[in-house]
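I opened this one to look at its helices. My notes follow in the order I took them.

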Amino acid sequence: MTSSWFLHILSTNSKMLTHTISKSISLVTILLVLQAFHYTSKAQNCGCSSELCCSQFGFCGNTSDYCGVGCQQGPCFAPPPANGVSVAEIVTPDFFNGIISQSESSCAGNGFYSRGAFLEALESYSRFGRVGSTDDSRREIAAFFAHVTHETGHFCYIEEIDGASKDYCDENATRYPCNPNKGYYGRGPIQLSWNFNYGPAGTAIGFDGLNAPETVATDPVISFKTALWYWTNRVQPVISQGFGATIRAINGALECDGANTATVQARVRYYTDYCRQLGVDPGNNLTC
C-alpha cells in the first residue's frame with residue numbers, strides 16, 4: 001500500500017503536530033489538518049513568488065520539502081550527482097528470476113512481470129539505484145525488491161486481493177477527482193493505491209491514472225514505472241535513514257509503531273536476504 005506519504009509530508013511540514021497525532025486518526029483527518037496547517041505555503045497549485053519553490057504537491061516554500069525532490073519550478077535544489085553504477089549489472093537475470101521463481105506457476109504475475117519490463121521502465125528513472133556509493137546503490141536495490149517481493153508475493157499478484165471491494169477514493173484530494181466507475185486499489189509491483197497517487201503518477205508517466213487506473217495491471221512497463229515513480233518521489237529521499245524509513249514511506253500508517261510487527265519483520269527478512277545476495281551490509285535502523 002502507498003498511503004503513508006501523507007504522514008511523512010505532515011511530519012516534515014509541521015513538526016509541532018506530529019506528537020499529537022495518534023495512530024487511530026484517519027487519512028481524512030490528516031488531510032484536513034495538513035490543508036489547514038500550510039502556514040508557510042502561499043498558494044496551492046503554485047503561482048509562487050520568484051524566491052519560492054513550487055513543491056511536487058503544489059505548494060510554495062523555500063525548504064527542502066518544497067525545493068527538493070519533485071520541485072516543479074522556482075529556485076529548486078540541484079539533486080546530488082548520480083554515480084556510475086549499472087543497475088542492470090546488479091539486477092541480474094539470476095537475481096530477478098530467483099524472486100519470481102518462488103511464486104506458483106498459476107500466479108497472474110507470471111508472464112506479466114519480467115526483468116526486461118523492469119529495465120525498460122528504468123530508462124525513465126536514471127537516478128534509481130545510482131545515488132551515493134556503490135554500497136548505497138546495492139542497499140537501495142535490495143530495499144526496492146524487498147518491498148516488491150512483500151507487496152506482490154514474489155511477483156505473484158498484479159492486483160490487490162479483494163481490492164475492487166475497497167474504497168480508495170479520497171474525496172479531499174480535490175486535485176485528483178475520482179471517477180466513480182473506477183477503483184484505485186493496489187496494482188503493480190509497489191501496489192499503487194489511492195486517487196492521490198494514481199493521478200500524479202499518470203501525469204508523470206503518460207497514462208490516464210484517474211480514468212484508466214487498470215493500465216497499471218495491463219501494461220507491465222507502465223506497471224514498473226508506477227513503482228519507480230513512487231519510489232523515487234516518496235521513498236528514495238528517506239533511504240539514507242535506513243530500511244525502516246522506507247517501510248514508513250510505503251505503509252507506515254498500517255505497519256509502523258507496533259501496528260503490525262509481523263509484516264515489518266517480513267519486509268526486513270527479504271531486505272537482509274537480498275543484501276546478502278548483493279554482497280552489501282544492510283546497515284542500521286531496519287525497523288520502524
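I counted 13 helices and two strands in the protein chain, taking helices as DSSP runs of H or I with at least four residues and strands as E runs of at least two, numbered from the N terminus. This is a predicted model, where local features need pLDDT of at least 70, side-chain atom pairs count only at pLDDT 80 or more, and totals for chains, interfaces and linings use all residues. Residues are numbered from 1 along each chain as its sequence is written, and side-chain values use heavy atoms, with hydrogens and water left out.

Next I looked up burial: 50% of the 288 residues of the protein chain are buried (under 20% relative accessible area, 1.4 Å probe, protein chains only).

Then I turned to α12, residues 243-255. What separates its end C-alpha atoms? They are only 14 Å apart, short of the 18 Å of a straight helix with 13 residues (1.5 Å times one less than the number of residues). I found a kink of about 75° centred on Ala249, the angle between axes fitted to the seven residues ending there and the seven starting there. Ten of the 13 residues in α12 are buried, including Phe243, Ile247, Ala249 and Glu255. Just after α12, Asp257 has a positive phi of about 60°.

Last, I checked α8 (residues 134-152) against α13 (residues 261-278): their axes come within 8 Å and cross at roughly 135°, using lines fitted to C-alpha atoms over the stretch in contact and angles from 0 to 180 degrees between N-to-C directions. So α8 is oblique to α13 (not under 35 degrees, over 145, or 65 to 115). Among the residues making the contact (heavy atoms within 4.5 Å) are Phe145 and His147 of α8 and Tyr270 and Tyr274 of α13.
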